[in-house]
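Let's take a walk through a protein model together, one piece at a time. Have a look at the picture below and keep it in view as you read.

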Amino acid sequence: MTYERHHPRDDGFGLYDQVTSALGIDTQTGGKVICSFGIDVTERKRVKQHLASAVSRSLMNRTEELQLAESIDQGIVSFDKAGKVGIHNIRALSLMDLPTRPV
């Protein structure tokens, strides 16, 4: 069995560890024992949380950009450094006689 535990600290984040336990046999007595070990996964948790936050901010920014583009009645098209279309609105598609829905 494997599970994660959180150990709160004053820094607001705390420590996280991943604990793995397994049933075993004591070689000297032949009795059943539970063997457990833990691994510090605090840094992995921090990175994962930071990444999730960054992705959320990126999606919010992208949503705002798309809403702004659609609110403008002129044709809007933006390009990235490689020349690929980044953001466009439906008006731009209709001005170029392109379908406004995926084909």
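Let's begin with one residue. Aspartate 40 touches Tyr16 and Asp17, leaving aside residues up to four places away in sequence; contact here means heavy atoms within 4.5 Å. Aspartate 40 is found in strand 3. Is aspartate 40 buried or exposed? At 57% relative accessibility, aspartate 40 counts as exposed. The labels work like this: buried means under 20% relative accessible area, exposed means over 50%, and partly exposed lies in between, with a 1.4 Å probe and protein chains only. The C-alpha atoms of aspartate 40 and glutamate 4 are separated by 9.6 Å, and these two residues are 36 residues apart along the chain.

Before going on, a word on the model: it is predicted, so local features need pLDDT of at least 70 and side-chain atom pairs count only at pLDDT 80 or more, while totals for chains, interfaces and linings use all residues. Residues are numbered from 1 along each chain as its sequence is written, and side-chain values use heavy atoms, with hydrogens and water left out.

## The sheet and its helix

Helices (H or I, at least four residues) and strands (E, at least two) are DSSP runs, numbered from the N terminus. Two strands pair if DSSP finds at least two bridges between them. Strands of a sheet pair through backbone hydrogen bonds, in a parallel or an antiparallel way.

Here, an open sheet of three strands has the order 1-2-3, with antiparallel pairing. Strand 1 and strand 3 stand at the edges with a single partner strand each, so one side of each has no neighbour in the sheet. On average, neighbouring strands of this sheet are turned by 30° against each other, direction ignored. For such angles, axes are lines fitted to C-alpha atoms (for helices, over the stretch in contact), and angles run from 0 to 180 degrees between N-to-C directions.

How do the strands line up? Strand 1 (residues 2-7) pairs with strand 2 (residues 15-25) over six bridges, in the antiparallel sense. Along this pair, threonine 2 stands opposite threonine 20 in strand 2, and the bridge partner of glutamate 4 in strand 2 is glutamine 18. Helix 1 packs on the sheet, where it touches strand 1, strand 2 and strand 3, and its direction makes about 130° with that of strand 2.

Strand 2 also pairs with strand 3 (residues 32-40) in the antiparallel sense, over nine bridges. Glutamine 18 turns up again here, opposite isoleucine 39 in strand 3. The hairpin of strand 2 and strand 3 has six residues between the strands, and glycine 30 takes a positive phi near 80°.

## Salt bridges

Side chains of opposite charge can pair when their charged atoms come close. A salt bridge is counted when a side-chain nitrogen of Lys or Arg lies within 4 Å of a carboxyl oxygen of Asp or Glu. How many salt bridges does this rule give? The count comes to three salt bridges, listed here.

| Salt bridge | N to O distance |
|---|---|
| Arginine 44 and glutamate 4 | 2.3 Å |
| Lysine 45 and glutamate 4 | 2.9 Å |
| Arginine 5 and aspartate 17 | 2.8 Å |

Arginine 5 lies in strand 1 and aspartate 17 in strand 2, so this pair ties together parts that are 12 residues apart in sequence. Arginine 5 is partly exposed at 36% relative accessibility, whereas aspartate 17 is buried, with a relative accessible area of 13%.

Glu4, Arg44 and Lys45 are linked in a network of salt bridges. Arginine 44 is partly exposed at 43%, glutamate 4 is partly exposed at 35%, and lysine 45 is partly exposed at 23%.

## A second hairpin and a surface patch

Further along the chain, strand 4 (residues 77-79) and strand 5 (residues 85-88) pair in the antiparallel sense over two bridges. Phenylalanine 79 has valine 85 in strand 5 as its bridge partner. These two strands form a hairpin with five residues between them, and glycine 83 in the turn has a positive phi of about 90°.

Both partners of that bridge appear again on the surface: Val77, Phe79, Val85, Leu95, Met96 and Leu98 form a nonpolar patch with about 560 Å² of accessible area together. Patches are made of residues with over 30% relative accessible area and no salt bridge, with like charges joined within 9 Å and nonpolar side chains (Val, Leu, Ile, Met, Phe, Trp, Tyr) within 5 Å. The areas come from the Shrake-Rupley method with a 1.4 Å probe, and for residues only the protein chains shown count as cover. One member of the patch, methionine 96, sits in the segment after helix 2 (90-95), and at 45% relative accessibility methionine 96 counts as partly exposed.
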